[in-house]
Amino acid sequence: MRKVMSMLLTSAVGLSLISGCAGGTASKNEGTANGTGTSTEGKVTIKLMDFKTEITDKIKAMAADYMAENPNVNIEAQVTGNYDTLLKTRFSAGDGPDIFMTRAYTDIQGWSDRLVDLSNEPWMDKVLPSSEAGMTADGKKLGFPLAVEGYGFIYNKDIFAKEGIDKLPTTLTELKAVNEKLKAAGISSYTEGYKSFWVLGQHLFNLPFAFEKDPAATIEKMYAGEVKMADIKNLDGFFDVLDMTVDYGKGTDTIGLSYDNQVSDFASGKTAMMQQGVWSIDAITKINPNMNIGMFAIPLNDNPEDTKMPVGVSTYYSINKDSKVIEESKKFLTWLHENGQKYIVDSYKMIPAFTDLNTTPELGPLAEDLDKYLKDENTYIWAFQLWPSGIAEDFTVPLQAYVGGHFDKEQTITELQKIWDQKVKK
């Protein structure tokens, strides 16, 4: 664990252009992109597993292009929001995918015994240095980084301007004032997708950990039992923001709403804000191509200097070392890098984590706002990457109970601590 912490600190200091990604949900976007779904005689089948459901159609298109260029290869690409559970089930059943997504630090460390060392792949010297620590275990580089990402409150600039909100909130008090102003105008502030674990239990709950003066040290002490959940300094601020997103949004109905519901309401102008990240741009512009939007960091207290945007390289493609098609899988990743400008940047709308790929104005206003935070070095780490693997889904259960009115704050914190203790003991 100390090794992981050390890597994170090194990465965080040098972070200038980072990426990450959403966990993914939205069952209607889930799908399998393949030629036949099974191996075809005379063809090599690469089983790829991905959780970025918000770009399922883009992944399908990329896989189809690869198969067209390589008629001897069949790509069986499964994109699912139920990723972690399904991935473990497939490995337990002896059906592990050849290529699958891993998350930085603790997740990739946990899978490291099952992964191919990619240190000598031809694209590795083009990887952003800040992307390397999160995918390195025992000196081996185990991932293909996909993108730099960040998240906050995405807002409708036209609504803010119409209601005279000319200063973005950088404190809790200012955020509440914005919500009150919108409420007075009869405008709902939020639709949040708290049905989706990564929206609530991962990204939003990351904030109080990220706000810690030394997140890595705090989390290390939590592993050792020296710091408890209730000791997190900005935990009250987290609950204040959570309350606002419910009280000025959809109320207890929020726990039944997904990422798709968030995007639909926001892009159609029904709500003024939503907690999401740069990955949402494509889904928003599909509904409203000319929407005037921006993104700002979420405050947890009344010190504006503490309000920074969480950014990270969250996801990598890794190769299963027990795969029967390791060389074909490596060839596919090399192709994806060589064609990264077309697929990762232009199609997926991601900020690339490779030095030879370029950001473009077409990435949109969210990437532009993220870039400002990066250039100002006004960013936090994605502290959830240091949590025990898979715990964000477990955290979501008591947090949903809180949103639904079944737990009060103290009960919720108690349940969160129990989950941490149980996970660390395993």
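Which residue in β13 is the bridge partner of Ile99? It is Ile319. The views below come from a predicted model.

**View 1. Strand β4 and its burial.** Strand β4 covers residues 99–103, and 5 of its 5 residues are buried, so the strand is largely enclosed by the rest of the structure. Ile99, Met101 and Arg103 point one way from β4, while Phe100 and Thr102 point the other way. Arg103 and Thr102 are among the buried residues.

**View 2. Strand partners of β4.** β4 pairs with strand β2 (residues 44–50) in the parallel sense, over 2 bridges. Here Leu48 stands opposite Ile99. With strand β13 (residues 315–319), β4 pairs in the antiparallel sense over 5 bridges. Ile99 of β4 has Ile319 as its bridge partner in β13.

**View 3. Helix α14 and its cover.** In helix α14 (residues 340–347), the buried residues are Gly340, Tyr343, Ile344, Val345 and Ser347. Their cover includes α2 (56–69), β7 (144–145) and α13 (326–338). Lys349, just after α14, takes a positive phi of about 60°.

**View 4. Packing of helices α16 and α17.** The axes of α16 (residues 391–403) and α17 (residues 409–425) come within 9 Å and cross at roughly 165°. Because angles over 145 degrees count as roughly antiparallel, α16 is roughly antiparallel to α17. The crossing is right-handed. On the α16 side, the contact is made by Ile391, Asp394, Phe395, Pro398, Leu399 and Tyr402. α17 contributes Lys409, Thr412, Glu415, Leu416, Ile419, Trp420 and Lys423. By class, the residues of this contact are 8 nonpolar, 1 polar and 4 charged.

Definitions and conventions:
Residues numbered from 1 in each chain as written. Predicted model: local features only at pLDDT ≥ 70, side-chain atom pairs only at ≥ 80, totals over all residues. Heavy atoms only, no water. Buried < 20%, exposed > 50% of the residue type's maximum accessible area, 1.4 Å probe, protein only. Helix = DSSP H or I, 4+ residues; strand = E, 2+ residues; numbered from the N terminus. Pairing = 2+ DSSP bridges. Contact = heavy atoms within 4.5 Å. Axes fitted to C-alpha atoms, helices over the stretch in contact; angles between N-to-C directions. Parallel < 35°, antiparallel > 145°, perpendicular 65-115°, else oblique. Left-handed = near helix turned anticlockwise from the far one by under 90°. Nonpolar A, V, L, I, M, F, W, Y, C, P; charged D, E, K, R; others polar.
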